[in-house]
Amino acid sequence: MYRFLLTPRWWGINVFAVLAIPFCIFMGSWQLSRFEARVDTHQQQEDRSADAKAAAARPLDSLLPVDQVTSGRQASARGTYDTEHQLLVPDRTLDRKQHDTPGFYVLNLLRTDGGKALPVVRGWLPGDANSRADAAKVPAPPKGEVTVTGALQASENQGTAGVQTTGGLPKGQLGMISAASLVNIVPYHVYDAWITLGDAQAPLRAVPPAAAEGSGLDLKAFQNLGYTGEWFVFAGFVVFMWFRLFRREAEAAKDAALGIVPEGAGADEGAGAGAGVDEGAGVGVR
């Protein structure tokens, strides 16, 4: 009754099922492992952030380049603020959520003894960076040589929340905090990193450090979880369709063994018989 399983058609169906089911399970497991890795990295980042707040500040150069381990660590640098290139970073929120009060970052460049400049976010102010009244509230940076301490951050990119990459910003504003965006604004080299001060000068408010890229439970993490479900559903669908086809073929084979002719086949045979009668009648007429 199950000889149909040896037909070329069922060989193709069986080979497809045998290959598709493990593949779907493997892809689902891989996506699940990616989600679990992001969860573990997120927890490790939170632990490192807590340790970084309690740890003593380290020299900037010893923490570069910025990675998931050094991001958020307290870094210190000594130099002089460039008062001629104070920049406002518009359309930023303090907790980096869209529903929070809109405002802007205040960024100054610290000319270090090493020759490079370090972007320093001195704080955040509510308001509009294009408003002269709001911009006038920004306090002047300290004069002379100073030592700054803040949370180390990696340069922003196009995928960072809040950045503006379309250009067209007024003079004195910056859409993305990165060495690449500052290269045409200042006439000196800039570190590929920045820090946010923990103690902001009033009325500025301190900007909390962001989690390192790829370490948080962001949209990509939950996409991995969604893909996990999809691949397992695909595997179940292959099993379901194989079983459905198998049952249909088995029932058809059983009916054929009992001499039960499907309704469609009977109608075709009847039509064929009718055609034979017509042909016979035609011969008689001739």
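This passage describes the fold, cores, aromatic pairs, salt bridges and surface of a predicted model. Residues are numbered from 1 along each chain as its sequence is written, and side-chain values use heavy atoms, with hydrogens and water left out. Local features need pLDDT of at least 70 and side-chain atom pairs count only at pLDDT 80 or more, while totals for chains, interfaces and linings use all residues.

The chain contains 5 helices and 7 strands, taken as DSSP runs numbered from the N terminus (helices H or I, at least four residues; strands E, at least two). Along the sequence their order is α-β-β-β-β-β-α-β-α-β-α-α. Of the 286 residues, 33% are buried; buried means under 20% relative accessible area, exposed over 50%, and partly exposed in between (1.4 Å probe, protein chains only). Among contacts (heavy atoms within 4.5 Å) with a separation of 6 or more, 70% involve residues 24 or more positions apart.

Turning to the interior, the largest nonpolar core has 18 residues. Such a core is a set of buried Ala, Val, Leu, Ile, Met, Phe, Trp, Tyr and Cys residues joined through side-chain atoms within 4.5 Å. Tyr-105, Leu-107, Leu-109, Val-121, Ile-177 and Val-190 have the most contacts inside this largest core. Two or more residues each come from strand 3 (87-93), strand 4 (102-112), strand 5 (117-126) and helix 3 (179-182). Beyond its neighbours within four places in sequence, Ile-177 touches residues including Val-89, Pro-119, Glu-156 and Trp-194. A second, separate core has 16 residues, among them Leu-60, Tyr-191, Ala-193 and Ile-195.

The model also holds 7 aromatic pairs. Here, rings of Phe, Tyr and Trp (its six-membered ring) pair if their centres lie within 6.5 Å, with planes under 30 degrees apart counted as stacked, over 60 as edge-to-face and the rest as tilted. Phe-4 and Phe-246 make a tilted pair, at 5.8 Å centre to centre and 45 degrees between the planes. Phe-4 sits in the segment before helix 1 and Phe-246 in helix 4 (residues 219-257), so this pair ties together parts 242 residues apart in sequence. Phe-4 is buried at 11% relative accessibility, and Phe-246 is buried at 18%. The Phe-23 and Trp-231 rings, with centres 5.6 Å apart and planes at 90 degrees, are edge-to-face. This pair joins helix 1 to helix 4 across 208 residues in sequence. Phe-4 and Phe-246 also belong to one aromatic cluster with Trp-10 and Trp-242.

Among charged side chains, 4 salt bridges are found, each a side-chain nitrogen of Lys or Arg within 4 Å of a carboxyl oxygen of Asp or Glu. In one of them, Glu-156 meets Arg-92 at 2.9 Å, N to O. Glu-156 lies in the loop between strand 6 and helix 3, and Arg-92 in strand 3, 64 residues apart. Glu-156 is buried at 8% relative accessible area, as is Arg-92 at 3%. Another salt bridge pairs Arg-78 with Glu-145, their closest N and O atoms being 3.6 Å apart. Both partners are partly exposed, Arg-78 at 40% and Glu-145 at 45%.

On the outside, the accessible surface comes to about 17,100 Å², 59% of it from carbon and sulfur atoms (Shrake-Rupley method, 1.4 Å probe; for residues, only the protein chains shown count as cover). Leu-6, Trp-11, Val-15, Val-18 and Leu-19 form a nonpolar surface patch with about 560 Å² of accessible area together. Patches are made of residues with over 30% relative accessible area and no salt bridge, nonpolar side chains (Val, Leu, Ile, Met, Phe, Trp, Tyr) being joined within 5 Å and like charges within 9 Å. Val-18 of this patch lies in helix 1 (residues 8-54) and is exposed at 58% relative accessible area.
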